[in-house]
Amino acid sequence: MSTPWHVLGAGSLGTLWATRLARAGLPVRLIVRDAERLRSYQVAGGLTLVEHGAATTYAVPAQTADDPEPIRRLLVACKAYDAESAVARLAPRLSADAELILLQNGLGSQDAVAAQVPQARCISASSTEGAFRDGDWRVVFAGHGFTWLGDASHPVAPIWLDDLDAAKIPHEWSTDILTRLWRKLALNCAINPLTVLHDCRNGGLEQHQCEVATLCAELAELLERCGQPAAAVNLQQEVERVIHATAANYSSMYQDVANQRRTEISYLLGHACKVATRHQLNLPHLNQLQQRLVGHLRSLGLPSD
Ligand code: NAP
């Protein structure tokens, strides 16, 4: 029998992966937060994926972190700020050859997770797929996309990519996953905080081209200084292209703030500022952006980390 996929976190991306793997007949176990969430899940009877307007429920077996079953393959699908502590609870269950797939946006959480489980192989992912929850245990597949997977310390692809083919999860093994994660982080830093501070859709930033250009210049300097020059190439042009192509959308950070949810700021803009400081790089506009965003989040009573 093939190795079970343990999926940690039954949110948007966790459900999107768990349901597609289960649909392909692969063994999947869902790990939920606690006994109360487990009871709630059991009442619901499974995970529901809404795709092209049609809802299908998959009775994926669920458990809590206290379950004794050993884990060989763990998909970490919680938010960046929850990943380290959630994985730490599972560390005693990991087998000697365990592999973790980290779906978190931004940077910083991957290293924090890896430090909790030094014996395991940690694979990072960068995804353009989009999903959101429209109810408990129910997820809408909103944007078809692509997922890049890679391991900065070991270029050989894992055998379980075959499972992703079977589950029709579009993906590619990447030997430069860090560059992809940095590039995505830079795009996020140039767009998302400004959409929150200017209270606008992505397209609203077309009215703030100078501010965007100044941030892109500082971000490119940072990428070059921290050994990611490829992630800096034509950054401003790509930021402008994304702003134009997604003009009608609200950024993920905008949506988090609008829904009074905690943002992943520490793993995005916060991480960029922290790395700049570590390299003794003075990036005044990026720092000021962070201070404005932190002040704004505090004024709304939201966590600023
Ligand atoms: P989400 O919908 O908030 O789901 C996170 C899930 O993690 C929640 O179900 C939460 O449980 C669960 N969780 C947290 N701590 C846990 C613990 N200790 N044990 C078990 N479960 C735990 O988040 P998401 O949108 O899927 O995002 C996950 C990551 O993917 C983020 O870093 C995000 O930036 C990235 N990402 C998301 C998308 C997207 O379209 N959604 C796209 C690209 C990248 P509760 O339900 O009990 O709160």
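Q: How do the residues of the shell around the ligand divide into nonpolar, polar and charged?
A: A good way to start is to sort the shell by residue class. In this predicted model, the shell divides into eleven nonpolar, seven polar and seven charged residues. Altogether 25 residues surround the ligand, and the closest are Ser12, Leu13, Arg33, Ala131 and Glu264.

Q: Which protein atoms lie 3.0 Å or 3.3 Å from an oxygen atom of the ligand?
A: Here we look for pairs of N or O atoms within 3.5 Å. The side chain of Arg37 has an N or O atom 3.0 Å from a ligand oxygen. Lys79 also uses its side chain, with a polar atom 3.3 Å from an oxygen atom of the ligand. For Asn105, it is a backbone N or O atom that lies 3.0 Å from a ligand oxygen.

Q: And how much of the ligand's accessible area does the protein cover?
A: Compare the ligand on its own with the ligand in place. On its own the ligand has 900 Å² of accessible area, and the protein covers 84% of it. Helix 1 (12-23), helix 3 (80-90) and strand 9 (130-135) are the elements that each give two or more residues to the shell.

Q: Which residues that are not glycine have a positive phi?
A: Let's take two cases, and ask of each where it sits and how much of it is covered. Trp137 has a positive phi of about 65° and is not a glycine. Its place is the loop between strand 9 and strand 10 (138-143). Lys168, also not a glycine, has a positive phi of about 60°, and belongs to the loop between helix 5 (161-166) and strand 12 (171-173).

Q: Are Trp137 and Lys168 buried or exposed?
A: Relative accessible area settles this, with buried meaning under 20% and exposed over 50%. Trp137 has a value of 4%, so it is buried. Lys168 has a value of 67%, so it is exposed.

Q: How does the reach of helix 7 fit what is expected at 1.5 Å a residue?
A: The idea is to set the span from first to last C-alpha beside the expected one. Helix 7 (residues 209-225) has 17 residues and reaches 24 Å, close to the expected 24 Å. Just after the helix, Gly227 takes a positive phi of about 80°.

Q: Which residues of helix 7 are buried, and what covers them?
A: List the buried residues, then look for their cover. Val212, Leu215, Cys216, Glu218, Leu219, Ala220, Leu222 and Leu223 are buried in helix 7. Their cover includes helix 6 (177-197), helix 8 (229-232), helix 9 (235-245), helix 11 (269-278) and helix 12 (284-299).

Key
Residues are numbered from 1 along each chain as its sequence is written. This is a predicted model: local features need pLDDT of at least 70, side-chain atom pairs count only at pLDDT 80 or more; totals for chains, interfaces and linings use all residues. Side-chain values use heavy atoms; hydrogens and water are left out. A residue is near a molecule or strand if one of its heavy atoms lies within 4 Å of it. A polar contact is a pair of N or O atoms within 3.5 Å; within protein, one must be able to donate a hydrogen and the other to accept it, and residues adjacent in sequence count only if both atoms are side-chain atoms. Accessible areas come from the Shrake-Rupley method with a 1.4 Å probe; for residues, only the protein chains shown count as cover. Helices (H or I, at least four residues) and strands (E, at least two) are DSSP runs, numbered from the N terminus. Ala, Val, Leu, Ile, Met, Phe, Trp, Tyr, Cys and Pro count as nonpolar, Asp, Glu, Lys and Arg as charged, and the others, Gly among them, as polar. Buried means under 20% relative accessible area, exposed over 50%, partly exposed in between (1.4 Å probe, protein chains only). The expected span of a helix is 1.5 Å times one less than its number of residues. Contact means heavy atoms within 4.5 Å.
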